[in-house]
Amino acid sequence: GSGRITWQQYGVKAGGLELRYDARSVDRTFSRFKDLAEGERAQLQKERGIDRLAFGAGFNFGEGALKFSQSEITSEGGGIFQRSLSIDTPWLRGSIGRQEVTSGFNRAKDLAERERAQWDKERGFERNSLALTIPRGGKENWLTFDQNSINYGDAAHFHARSLGFDFGAVRGQYWERGSSSDFTRLNDLSPEERKSYVQQTLSMYEGANEHKDDVNWFGKEAGLRRSFFRVDAGLGGLRASLRDVGIRGDRGAVEQQELDLAYAGWNLEYRNLHIGDDFDRIFDLLDAERKLYGNQRGFSRQDVGVNGAIGNGKIGFSLLDIDANGEGLSRFKVNYEAPNIKLSGGMRKVSEGFDRVRDVNDPEGDFLMQLVGYDQKDLRYDISLIPRMRFSGSLYDSDNGDERLRRSKSDHAITWQLDGRTALTYRVTGHHFQGLSGDLFVNSLSGVE
């Protein structure tokens, strides 16, 4: 049959300079593959009508190296085009690259490269990448920067960039990622690339775990723009961590700030969350995010926690405040624990018009549902400072001023441990419920147990 296969290979090496050129062309009309001695004849047969061209250059200088490469795999006007430039020195490492798989190139599956299936998925993609690193020695770096973008069609695009720094006592990172709403091919990215972006997202949240569906769920992010900033510092005995999370859609956003401080046995945790009324993309977030944010759209929420040591005891405070268009709830809790002493108390208030208590992500959700319109307080104690004597009990009060309803409960006990198997307890309990017409229920009991 007619047609031919041509190979061209050239190489030059002079001092620190290296040049190479490779080209191969398999005519579409060539048919005598069985007569070839080359072991790759079966692959050559697959690549009928495909032209390959590759050029590379390298220059070594001192402890550094500069490299350039360019390649083309083409057939009938379409193809895969790649270009990269890199530098590697003790003080700077960097690379810049470009890859385009034209939309009309349908021969990727006939190639020998392991990437052939992925290239076939990425027809129409134009990728650009940039990476810079300032090494600090060993595996540590002063500064890292990465930027990647994918363009598709007339305007659809995806971008991701990140910046990290490590100055020893102070470390930080910033990244942002986003895509246009018409970039509907996020799941055409490789599973490994999608997984890396999923892990990047989960790193925004302490203790967030990957769900088995997250890698495929990532494809729902079209039109979302994410940003994350974190800085960690250790100055003397002080440890500080600051995080800022942003998720924005075409309408509305999720904004969250977190601050953690630790010093001399004391810890402070502060969380501030705002989810816009018109943010309608929570269902498109990852599994851990959907569980975290739930149905709290329109909420402005603050959580504060403080805990530390006083003498040989431990004390903790927590505050929750939620506002949704002027309605909401607040809660303050305190607990103290030392040898033979346990104290805890709380104050809660849920406004009469707050009808979204069910949407609050909190372990006390069911209890808070019962407190709509109420101002509630409680106290618990367990004290055993006197040998063989224990004082324990609780106080509870809830007041609904608008409806003039009030409920009070008390439970107090004194226990005397007579011996290892015998104890005597005196208990006093009370329950008082008042309404518009006065006392609705009164009960008081006392006795020895």
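A pocket is an open set of grid points with protein on both sides within 12 Å along at least five of seven lines. In this predicted model, the second largest pocket holds about 280 Å³ of space. Its lining is made up of 16 residues, and those nearest the centre are Asp22, Arg24, Arg52, Leu53 and Ala54. Two or more lining residues come from each of strand 1 (5-14), strand 2 (17-26), strand 3 (51-61) and strand 4 (64-75). Sorted by class, the lining of the second largest pocket contains six nonpolar, four polar and six charged residues.

The largest pocket encloses about 600 Å³. A total of 27 residues line the largest pocket, with Arg271, Leu292, Arg301, Asp303 and Asn361 nearest its centre. The elements that contribute two or more residues to this lining are strand 13 (253-263), strand 14 (266-275), helix 5 (287-293), strand 15 (300-310), strand 16 (313-324) and strand 17 (327-338). In the lining of the largest pocket, eleven residues are charged, nine are nonpolar and seven are polar.

Charged residues were also examined for pairing. Side chains of opposite charge can pair when their charged atoms come close. The model contains 48 salt bridges, counted with a cut-off of 4 Å between a side-chain nitrogen of Lys or Arg and a carboxyl oxygen of Asp or Glu. Three of these pairs are described here in turn, followed by a network.

Arg24, one of the residues nearest the centre of the second largest pocket, forms a salt bridge with Glu47, with an N to O distance of 2.7 Å. Arg24 belongs to strand 2, whereas Glu47 sits in the loop between helix 1 (41-46) and strand 3, and the two are 23 residues apart. The pair therefore links distant parts of the chain. Both Arg24 and Glu47 are buried.A second salt bridge joins Arg226 and Glu289, whose closest N and O atoms are 2.8 Å apart. Arg226 is part of strand 11 (residues 225-235) and Glu289 is part of helix 5, so this pair ties together parts that are 63 residues apart in sequence. Helix 5 is also among the elements that give two or more residues to the lining of the largest pocket. With a relative accessible area of 2%, Arg226 is buried. Glu289 is buried as well, at 0%, because buried means under 20% relative accessible area.

The third pair consists of Asp411 and Arg427, whose side chains meet in a salt bridge at 2.9 Å, N to O. Asp411 lies in strand 21 (residues 405-417) and Arg427 in strand 22 (residues 423-435), so the parts tied together are 16 residues apart in sequence. Asp411 has a relative accessible area of 25% and is partly exposed. Arg427 also counts as partly exposed, at 27% relative accessibility.

Salt bridges also link a set of residues into a network, made up of Arg301, Asp303, Arg331, Lys333, Arg348, Asp362, Glu364 and Asp378. Two members of the network, Arg301 and Asp303, are among the residues nearest the centre of the largest pocket.

One loop residue was considered separately. Gly326 is found in the loop between strand 16 and strand 17. Its relative accessible area is 61%, so Gly326 is exposed. The C-alpha atoms of Gly326 and Ser351 are 9.3 Å apart in space, while the two residues are 25 residues apart in sequence.

How values were computed:
Residues are numbered from 1 along each chain as its sequence is written. This is a predicted model: local features need pLDDT of at least 70, side-chain atom pairs count only at pLDDT 80 or more; totals for chains, interfaces and linings use all residues. Side-chain values use heavy atoms; hydrogens and water are left out. On a 1 Å grid over the protein atoms alone, a cavity is a set of points where a 1.4 Å probe fits but cannot get out, and a pocket is an open set with protein on both sides within 12 Å along at least five of seven lines; lining residues have an atom within 4 Å of a point. Grid points are joined across faces, edges and corners, and a volume is the space filled by probe spheres set on the points. Helices (H or I, at least four residues) and strands (E, at least two) are DSSP runs, numbered from the N terminus. Ala, Val, Leu, Ile, Met, Phe, Trp, Tyr, Cys and Pro count as nonpolar, Asp, Glu, Lys and Arg as charged, and the others, Gly among them, as polar. Buried means under 20% relative accessible area, exposed over 50%, partly exposed in between (1.4 Å probe, protein chains only).
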